Amino acid sequence: LTEEKAQSGTVCTTCPYCGVGCGVLARSNGRGEITIKGDKAHPANEGRLCSKGSALGETTDLDDRLLAPVVNGAEADWDSALDLVAERFQATIAEHGPDSVAFYVSGQLLTEDYYVANKLMKGFIGSGNIDTNSRLCMASSVAGHKRAFGTDTVPGLYADLDEADVIVLVGSNLAWCHPVLYQRIAAAKKARPGMKVVNIDPRRTATSDIADTHLSIAPGGDVALFNGLLAEIAAQGAVDGDFVANHVSGFEAALDAANGTDLSVTGLSGEELAAFFHLWIGSEKVVTIYSQGVNQSSFGTDKVNAITNCHLATGRIGKPGMGPFSVTGQPNAMGGREVGGLANMLACHLDIENPEHRSAVREFWDAPTMPEVAGLKAVDMFRAVGEGRIKAIWVICTNPAVSLPDADGVRAAIEGCDFVVVSDITAQTDTAQLADVLLPATGWGEKDGTVTNSERCISRQRGVLPPPGQARHDWRIICDVAARMGWGAAFDYSGPAEIFREYAALSGIAGKLGRDFDISALAAISDRDFEAMAPFHWPLTETRQGGRFFGDGRFYTPDGKGRMLALEVKAPASMPSADYPFRLNTGRVRDHWHTMTRTAKSPRLSQHMAEPYLEVHPDDASRLGLLPATLAKVQSPQGSAVLRVVVTDRGRKGEVFAPIHWSGQNSATGRIDAVVTAITDPVSGQPDSKGAVVKVEPFEAT
Ligand code: SF4
């Protein structure tokens, strides 16, 4: 933070939307309005911003802001609201045990918020029941990383995109969902015209514009495709024998499973497959980027490992311009992973089911307890709420009544729950409307702490506006409740810097236990230095600063080798039938974010897509009698939605697409997650949000 910027009133902060984690310069005019510029000094974006980041200044008004606590529909003071939350959680735990309560948190929380929420649930309440909406965006990558590398480690850096000869985008509409990375690839391609981009996606999307090749893969064909690639790598003698012999386990079994894979399930022609294999194998510097098309699947973890298998077999990992690269959907999905924000993890990439890890964290926290098993993952958590096994839930900074699959079922579960607390910036979300207690939280532009982006870069989010009304920071609210539950000493923090110091110190212990996440060099950072902290990549220890992982062949598995997995090709969990003949794909649009709590405030952003819609192939539209701009009802066994028809050949015949953003607050009928079935990957617990089967028919209003 330069003196010049500080004197001009400009604050260096980070965009709150996607996992690219762009640096933003925000300047307040002192009347609640801010102007926004991209931060040229931030390594994630080097000054670039997308439409959403550029419009941040249009989203900080106080219309619809929750400015005071609300208890049972009536405004209350903080003390009585916090007392009630603590009393009800304590009484529920006393009567039904620690697993009868849960926290459902968000990849939009700052790392310090996440850290104290996880500490309270796991170390003091004594349950693993804290999970996050990041479960919906990257849990399969986490599980795939742990299976292949021993830890949840992203091997590469964004700089690899500048250096790659081939970039393969799998299930990733980067142009809309991670636009600044897309801009970065476009710039690299312009500078190096020989660079090739392959876009593997059932739909032709905006990302296909930059691609030399678009492969319209059949849904669920990814494991077969990368098994086929592995078999071809071996057949063409392109295996890196030294790397595999010294640094990889499971090669033979993985290859046995890959040989003879039926490639017809990819839906790609022999020519398309041969050309892709030839390009991948013939170009040493390959980066394979993947996101929700891979992760959100009933076998998303296998898809991740099918990709990592190919990079391990060729030694193309952790070196400039090469490696598998998961890009996260959320701004702080990665930070949440670092502090144990998933039900099956402890802080600092330690494992909840490892006794040595549990006792290290418990001792460090001087905690009274520690669960020995993982808690409930997002979908199972709300199932338990619906079944009455969870009797009190605290939802922080997220809107599961819209965003989880089987959204109607989730809404009914929350409605029926004995005690529901929601912390948010607004009372207007579908979930907030169901709360017994509403706690006003600060939002972007007011919050203060750190986030970590998809390339392991930790950046500061800084406040440029004062907290409005009685709003408090999330870490403060969580610590206030912890204190009322009797654990004040363990949650007595002066601010985010003190929380950051604590988790940096814990990361040093994790480092000594052989974990990858270690920022212990900052364990004694002063408040002043924390305030001025510039973005940096982890790890950060006395001897190591950032960089890539695994290029040296050292992994975090027990034998120190990268693990290849033998992967069988599975059919999608739901298959189209006579009753439900279409497959429903879901995703984001360019200018909205999640359930639109913030982006809907910007008229500019709302111009891009004014309402929810359903993309239908022209042949299907004509067969069903669906005309452009009419309404269609899309229905699964789970639920239904009514959407405006867009007839387009972007998708494949028999497949329809709808965006995820619209809620009960801004569209009576457009909640597409009411239609998505609650099927999850058995390894990662990530929902199969692109795999529902549905029927589609013209909608006639009655
Ligand atoms: Fe924000 Fe992502 Fe856009 Fe960057 S690319 S400005 S992080 S939404």
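These legends go with close-up views of a predicted model.

**View 1. The ligand and the residues around it.** Start with the shell of 14 residues that surround the ligand. Cys15, Cys18, Cys22, Cys50 and Gly53 are the closest. Two helices, α2 (51-54) and α8 (179-191), each give at least two residues to this shell. By character, the shell has nine nonpolar residues, four polar ones and one charged one.

**View 2. Domain 1 where it touches domain 3.** The protein is divided into domain 1 (70-135 + 331-442 + 469-527), domain 2 (139-327) and domain 3 (582-698). Between the C-alpha centres of domain 1 and domain 3 there are 31 Å. Their contact takes 17 residues from domain 1 and 19 residues from domain 3. On the domain 1 side, look for α17 (378-386), α18 (400-403) and α19 (407-416), the elements that give two or more residues. The largest share, three residues, comes from α19. This side of domain 1 divides into six nonpolar, six polar and five charged residues.

**View 3. Helices α17 and α19 packed together.** Two packed helices are described by the angle between their axes and the distance between the axes. Here the angle is about 50°, and the axes of α17 and α19 lie 8 Å apart. The two helices, α17 and α19, are therefore oblique to each other. The crossing of α17 past α19 is left-handed.

**View 4. Residues that meet between α17 and α19.** From α17 come Phe382, Val385 and Gly386. They meet Gly409, Val410, Ala412, Ala413, Ile414 and Gly416 of α19. Six residues of this contact are nonpolar, three are polar and none is charged.

Definitions and conventions: Residues numbered from 1 in each chain as written. Predicted model: local features only at pLDDT ≥ 70, side-chain atom pairs only at ≥ 80, totals over all residues. Near = placed C-beta within 6 Å. Helix = DSSP H or I, 4+ residues; strand = E, 2+ residues; numbered from the N terminus. Nonpolar A, V, L, I, M, F, W, Y, C, P; charged D, E, K, R; others polar. Domains from an automatic or database assignment. Contact = placed C-beta atoms within 7 Å. Axes fitted to C-alpha atoms, helices over the stretch in contact; angles between N-to-C directions. Parallel < 35°, antiparallel > 145°, perpendicular 65-115°, else oblique. Left-handed = near helix turned anticlockwise from the far one by under 90°.
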